[in-house]
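Thanks for sharing this one. Here are my notes, set out as numbered points so that you can follow along with the structure open.

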Amino acid sequence: MLSSEILYKIILILAVFAVTLVVAMWSTYAERKVAAVLQDRLGPNRAGPFGILQPMADGLKMFMKEEFIPGQADKQLFVLGPCLAMLTALMTGVVIPWGGDLTIGGHAYKLQITDINIGILYLLGVVSVGVYGIMIGGWSSNNKYSLIGALRASSQMISYEIAMGLALISLIMMTGTLSLGEIVGQQDAGFANIVYQPLGFLIFLICAFAETNRAPFDLPETESELIGGYHTEYSSMKLGFFLFAEYINMFISSALIATLYFGGYNFPFQHSLGLDGNMLSMLQTFVFFCKVFFFIFFYMWVRWTLPRFRYDQLMNLGWKVLIPLAILNLFITGIVLGFRNGFFI
Amino acid sequence: MQLTNRSKQVADTKMTWLERIYLPGIFKGMMITLSHAFKKAPTIQYPEQKRPIAPLYRGQHVLKRDDAGAERCTACGLCAVACPAEAITMVAEERAKGDEKLYREEKYASSYEINMLRCIFCGLCEEACPKEAIFLTDRIVPSTFQRRDFIYGKDKLVEKMDQRIDVSLRQTNNLAEFKKNTSFAHNKTS
Amino acid sequence: MITQYLFYFLTFVAIFCALLVVFSKNPIYSALFLIVTFFATAGHYFLLNAQFLAAVHIMVYAGAIMVLFIYVIMMLNLNQEIEPHKSSLIKIAATLCGCVLGLVLVAALRETDVVAVSDYTNPGIGLIEKLGNVLFGTYMVPFEISTVLFLSAMVGAVFLSKKTIH
């Protein structure tokens, strides 16, 4: 019994790992294709049908390139940087519920690696540690562009973590739990959380963009002013790791947005379809991935629409707009919850 | 002066509250980009699809032979003089006895070179030529890796008799009329 | 059994990295080893079932405070060359101060009674509900006073960072 549970967990971990990598790989393709479509172009279409094998070609290119470490760089930290970026990007997938229960041989298995009861805190912890990969990589390159990119990344991530945390606190107050599994379960019973927390969702969305260093918040890697930002000196697969980590972060944060605010794997009228357990779970997983892919598309859509912020604008938005808004949201949530629980009567 | 009616008068007025929260503006912009997703891409995928070329397209030059296979060029140098980019160089030589089959005139170009990197494909050489020897064709000069490969000599410019190049589209009606007049030596076939 | 091995492993990592914090020449390395020490300490909290404390420890110390530390160190451009030479008098004074501090610590530890953790087996002891109930129930007043302290510290920081008002 126990060993089958462990075996199942190992299989699930490997599956989540593989799916994350595959999705991140084809996100690079999707990014180029979406950019092309939004700009009236065709995009990659030479490698395989519709250019579907383009990520393979890109990956091969990355592997074949010369591995170069600058002479003045700090060798150990230079290698550690991309590893940390990749590690923290992959760690987040652990707590996300990917679907309902699967019943195999009379035993229900959750499609979630672990449902720890501090799930959201775990997420915030991993996200806050995620900045080290960029910081260490940028500093150890011994290049002023890299250093400025690293400094920008760290200050940006710290600033937006606060607003993100405050937006999440309103959500936690409402749901009364820190476990992602329970949050999803509550959304099955009632409406999706976006109905109750539209402002919180907006703040979380903006902060998610800033935390993943995506446009319009891609100041750490501005090509036009910092060449490549923190990965200026990187080449070969170490550069690939940095770029890949960004796409993994994008995938995971899309999954988070779907989980926290859009009902996770639940979809309307799912229980009136008359499907049995396993079929329903698979359908739920499918629906969940549809939501995730929509948000990945949304990320790209925003990237190819909005121009980049200036640095002072970024800081103004973070500290002077989002944090007060998040506190206001917290306040309103508190009052509404107080009324509902009869504190003021 | 107003060139188009698309120009918009901008004013440095204070933004309204709706403008300052930017969300409606962002939404509008997102809709514009999304609308472009449903437009057809104007891309022409070059090696498979080719853009239609005008009959008067000015591409790689050809040095014509007449119907009997003799080179028409007499190395008068007018094309080189006319060339604004100074891309044409030639060496003239007197025709030797027994070469009448090869060269139409008594003087011919023993070497004739066009530097395709300098050439601007204006077609003035074609206009200057009194012998209807040089024409621009609808062929595109292929790219290579070496500069020296862009200097085209007679081996590349003179047309082969087994693969003649049709330049009739480049000849105006006036010229076609004139060519019927066989009393001029120019129009004699051999 | 496995918790015991984990405890020894984490303790070893924590002490080893704490020593490296002191002994590494490069301040960036010191800061990074301090982060590893924090992680090891968070692991100890996990072993004690204090999950909330562990998560907050990582979030606040490793995720926020150390980022600011490294931020400052990166800006300072600390090299071996520009490090000021310290006279032997200062070195002796520093050693003496360290010894005195160590003495105080050892003395304090000697006086402490080791209290057996009564609720060690209770799995719910460190959970966030329990903690919230304690913080907003028994320790309501000290908790609120500490928040006022933080608020005043924040106001003070803002005031210091502002340019002098004429």
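Which pattern does chain C follow when read along the sequence?

1. The pattern is α-α-α-α-α-α. Put as a tally, the secondary structure of chain C comes to 6 helices and 0 strands. Please keep in mind throughout that this is a predicted model.

2. A word on confidence, taking chain A as the example. Its mean pLDDT is 84, and 98% of its residues reach 70 or more. Within chain A, the lowest confidence falls in strand β2 (residues 107-111), with a mean of 73, while the highest is in helix α9 (residues 198-211), at 89. As a general caution, where pLDDT is low, the predicted coordinates should not be read in detail.

3. Back to chain C for a moment. Of its 166 residues, 14% are buried. Taking contacts in chain C between residues at least 6 apart in sequence, 52% join residues at least 24 apart.

4. Helix α6 of chain C (residues 140-161) deserves a look. Its 22 residues reach 32 Å from the first C-alpha to the last, close to the 32 Å expected at 1.5 Å a residue. Is this helix largely in the open or buried? The number of buried residues in α6(C) is 0, so the helix lies largely in the open.

5. Now for how the chains meet. There are 2 pairs of chains that touch, and the pair with the most contacts is A and C. That contact takes 17 residues from chain A and 16 residues from chain C. On the chain C side, helix α3 (residues 51-76) gives the most, with 13 residues. By class, the chain C side that touches chain A has 14 nonpolar residues, 2 polar and no charged ones.

6. Chain B also meets chain A: 11 residues of chain B are in contact with 10 residues of chain A. The chain B side of this contact divides into 6 nonpolar, 4 polar and 1 charged. Chains B and C, by contrast, do not touch, and their nearest C-alpha atoms are 26 Å apart.

7. Which residues have the most contacts inside the largest nonpolar core? They are A:Leu121, A:Cys207 and A:Phe251, in a core of 104 residues. Helix α11 of chain A (residues 236-261) supplies the largest share of this core, 16 residues. Such grouping is a familiar theme: in soluble globular proteins, nonpolar side chains tend to be buried together.

8. A:Leu121 is worth selecting in your viewer. Setting aside neighbours within four places in sequence, A:Leu121 is in contact with A:Leu178 in its own chain and with C:Phe52, C:Ala55, C:Val56 and C:Met59 in chain C.

9. A second, separate core has 20 residues, among them B:Ala75, B:Tyr108, B:Cys129 and B:Ala133. Of these, B:Ala133 sits in the loop between α4 (124-128) and β4 (134-136) of chain B. B:Ala133 counts as buried because it has 25 C-beta neighbours inside 10 Å, where 20 or more is the cut-off.

10. What does B:Ala133 touch, leaving aside its neighbours within four places in sequence? The contacts are B:Leu63, B:Lys64, B:Arg72 and B:Cys73. B:Lys64 is 69 residues from B:Ala133 in sequence, yet the two are 5.0 Å apart in space, C-alpha to C-alpha.

11. Chain B also has an open sheet of 3 strands, in the order β2-β3-β5, with antiparallel pairing. Strands β2 (88-94) and β5 (151-152) stand at the edges with a single partner strand each, so one side of each has no neighbour in the sheet. Strand β3 (residues 107-115) pairs with β5(B) over 2 bridges, and B:Asn115 stands opposite B:Ile151 in β5(B).

12. Finally, two backbone angles to check. Most residues other than glycine have a negative phi. A:Asp40, in the loop between α1 (2-38) and α2 (54-64) of chain A, has a positive phi near 60°. A:Asn213, in the loop between α9 and α10 (223-226) of chain A, has a positive phi of about 60°. Their surroundings are as follows: A:Asp40 is partly exposed, with 13 other C-beta atoms within 10 Å, whereas A:Asn213 counts as buried, with 26 C-beta neighbours inside 10 Å.

Technical notes: Residues are numbered from 1 along each chain as its sequence is written. Chains are lettered from A and ligands numbered from 1 in the order in which they are written. This is a predicted model: local features need pLDDT of at least 70, side-chain atom pairs count only at pLDDT 80 or more; totals for chains, interfaces and linings use all residues. pLDDT is the predictor's confidence in each residue, from 0 to 100. Helices (H or I, at least four residues) and strands (E, at least two) are DSSP runs, numbered from the N terminus. A residue is buried if 20 or more other C-beta atoms lie within 10 Å of its own, exposed if 12 or fewer, and partly exposed in between; C-beta atoms are placed from the backbone. Two residues are in contact if their C-beta atoms, placed from the backbone, lie within 7 Å. Ala, Val, Leu, Ile, Met, Phe, Trp, Tyr, Cys and Pro count as nonpolar, Asp, Glu, Lys and Arg as charged, and the others, Gly among them, as polar. Two strands pair if DSSP finds at least two bridges between them. The expected span of a helix is 1.5 Å times one less than its number of residues. A nonpolar core is a set of buried Ala, Val, Leu, Ile, Met, Phe, Trp, Tyr and Cys residues joined through C-beta atoms within 7 Å.
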